[in-house]
Amino acid sequence: MNRTEALDMVRESISRVVPGADVAALGPDDAFRDVLEMDSLDFLSFVEVLSERSGVRIDDEDTPRLTTLSGSADFLLAHSVPLS
């Protein structure tokens, strides 16, 4: 997975949880939970969808790193298994 793929996966995961969200307007360092007014259940659903789609295990202590597009993509890249 490269950075563009990781960012796309994060945007698609947000869109699944918040239908109609304008993810294209989000900047890489915008706190999307605040911008999109996601409540804690929305955020938890986002984490679950992202984990399922990426195959990356996301623990509770990892969630503070998943508050921006950039942070979420960095997390995925750091924890994804490279393809051989």
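This predicted model contains four salt bridges. Side chains of opposite charge can pair when their charged atoms come close. The tour visits three of these pairs and then turns to a helix.

**Stop 1: Asp74 and Arg3**

Please select Asp74 and Arg3, which form a salt bridge whose closest N and O atoms are 2.4 Å apart. Asp74 belongs to helix α4 and Arg3 to helix α1, so this pair ties together parts that are 71 residues apart in sequence. Asp74 has a relative accessibility of 36% and therefore counts as partly exposed. Arg3 is likewise classed as partly exposed, its relative accessible area being 34%.

**Stop 2: Asp8 and Arg11**

Next, select Asp8 and Arg11. Their salt bridge has its closest N and O atoms 3.5 Å apart. Both residues lie in helix α1, three residues apart, which is about one turn of the helix. Asp8 is partly exposed at a relative accessible area of 33%, and Arg11 is partly exposed at 26% relative accessibility.

**Stop 3: Arg57 and Asp59**

Now move to Arg57 and Asp59, whose side chains meet in a salt bridge of 2.7 Å, N to O. Is each partner exposed or partly exposed? Arg57 counts as exposed, because its relative accessibility is 66% and the limit for this class is over 50%. Asp59, with a relative accessible area of 23%, is partly exposed.

**Stop 4: the length of helix α1**

Return to helix α1 and select residues 3-17. At 1.5 Å a residue, these 15 residues should span 21 Å; the C-alpha atoms at the two ends are 21 Å apart, so the model agrees with the expected span.

**Stop 5: the two sides of helix α1**

Which residues of α1 are buried? They are Ala6, Leu7, Met9, Val10, Ser13, Ile14 and Val17. Colour these residues and look down the axis of α1: they fall within an arc of 160 degrees, so they line one face of the helix. On the face turned away from that buried side, select Thr4 and Arg16, which are exposed.

To see what covers the buried residues of α1, display its surroundings, which include α2 (32-35), α3 (40-54) and α4 (69-79). Helix α4 has already appeared on this tour, as the helix that holds Asp74.

**Stop 6: the start of helix α1**

Finally, select Asn2 and Thr4. At the start of α1, a side-chain oxygen of Asn2 reaches to within 3.0 Å of the backbone nitrogen of Thr4. Thr4 is also one of the exposed residues selected at the previous stop.

Methods. Residues numbered from 1 in each chain as written. Predicted model: local features only at pLDDT ≥ 70, side-chain atom pairs only at ≥ 80, totals over all residues. Heavy atoms only, no water. Helix = DSSP H or I, 4+ residues; strand = E, 2+ residues; numbered from the N terminus. Expected span 1.5 Å × (residues − 1). Buried < 20%, exposed > 50% of the residue type's maximum accessible area, 1.4 Å probe, protein only. Arc of directions from axis to C-beta. Contact = heavy atoms within 4.5 Å. Polar contact = N/O pair within 3.5 Å; in protein donor to acceptor, adjacent residues only side chain to side chain.
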